[in-house]
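The following exchange asks how some statements about a structure are justified. Each reply sets a computed value against the definition it depends on.

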Amino acid sequence: GGAKSIAALSALLADEKLGDYARSGLESMADPGAGAALRRALATLSGRQLAGAINSLGVRRDAAAVAELRKLALASNPDSAPAAVTALGLIGNADAAQALQAVLENGPAELRLPAAHASIVAAEQLAKGGNAAAARKLLETSTKAVPSGPSAEAARRAVASLPKR
């Protein structure tokens with residue numbers, strides 16, 4: 001599908017049986033209108049369909065979704081918050097890193113471990129993009145929020161592997 005199919009697929013996102021197929025179609029489209037359709041759907045979906053749309057935005061690495069994903073991550077909704085944290089990690093830009101830091105520092109306790117996992121993924125994207133300083137800051141915040149265990153240890157190893165500058 002191309003741009004002509006975006007409206008038809010968007011109309012199916014809330015459908016219990018066809019929503020996953022519609023979301024998958026939008027997720028795989030290069031057209032920016034598909035990302036816009038998924039972002040608009042965040043306000044109308046709930047439950048599994050909402051989590052799926054959030055996931056698709058993460059897979060698309062949709063930077064325009066970061067502000068809304070940050071709100072969803074901090075809202076403590078069990079349907080959307082974990083998915084929003086994961087999506088922020090997949091997007092992995094500087095704004096997503098700031099959103100993850102907010103979750104690590106001020107978010108619900110039950111999201112700190114998923115946010116630490118997402119931070120490792122985001123830090124990798126940041127480092128690949130030449131933003132080692134933001135990656136380091138995010139990982140250091142992660143180790144403070146989850147002071148012991150495999151996630152914190154992985155974050156510490158990732159910090160050690162980053163360039164010093």
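A helix here is a DSSP run of H or I with at least four residues, and a strand is a run of E with at least two, both numbered from the N terminus. The model is predicted.

Q: What makes the pattern along the sequence α-α-α-α-α-α-α-α-α-α?

A: The protein has 10 helices and 0 strands. Read from the N terminus, these elements give α-α-α-α-α-α-α-α-α-α.

Q: How do you know whether the radius of gyration agrees with that of a compact globule?

A: The globule rule is 2.2 Å times the number of residues to the power 0.38. For 165 residues the expected value is near 15 Å, and the protein has 16 Å, so the two agree. The C-alpha trace spans about 50 × 30 × 20 Å along its principal axes.

Q: Why is Ser142 called buried?

A: Buried means under 20% relative accessible area. Ser142 has 0%, so Ser142 is buried. This residue lies in helix H9 (residues 132–145). Not counting residues up to four places away in sequence, Ser142 touches Leu104, Ala116, Ser119 and Ala155. Across the protein, buried residues make up 45% of the 165 residues.

Q: What makes helix H6 mostly covered?

A: H6 covers residues 81–91, and 8 of its 11 residues are buried. They are Ala81, Ala83, Ala84, Val85, Ala87, Leu88, Gly89 and Ile91. Their packing partners are helix H4 (47–59), helix H5 (66–74), helix H7 (94–106) and helix H8 (112–128). Just after H6, Gly92 takes a positive phi of about 60 degrees.

Q: Which residues touch the most other members of the largest nonpolar core?

A: Membership requires a buried residue of a listed nonpolar type, joined to the set through side-chain atoms within 4.5 Å. The largest such core has 49 residues, and Leu26, Ile54, Leu69, Val85 and Leu88 touch the most other members. H6 gives the most to this core, with 7 residues.

Q: What is Val85 in contact with, leaving aside its neighbours within four places in sequence?

A: Contact requires heavy atoms within 4.5 Å. With those neighbours left aside, Val85 is in contact with Ala73, Leu100, Val103, Leu111, Pro114, Ala115 and Ala118.

Q: How many of the contacts with a separation of 6 or more join residues 24 or more positions apart?

A: Such pairs account for 57% of the contacts in the protein with a separation of 6 or more.

Notes
Residues numbered from 1 in each chain as written. Predicted model: local features only at pLDDT ≥ 70, side-chain atom pairs only at ≥ 80, totals over all residues. Heavy atoms only, no water. Buried < 20%, exposed > 50% of the residue type's maximum accessible area, 1.4 Å probe, protein only.
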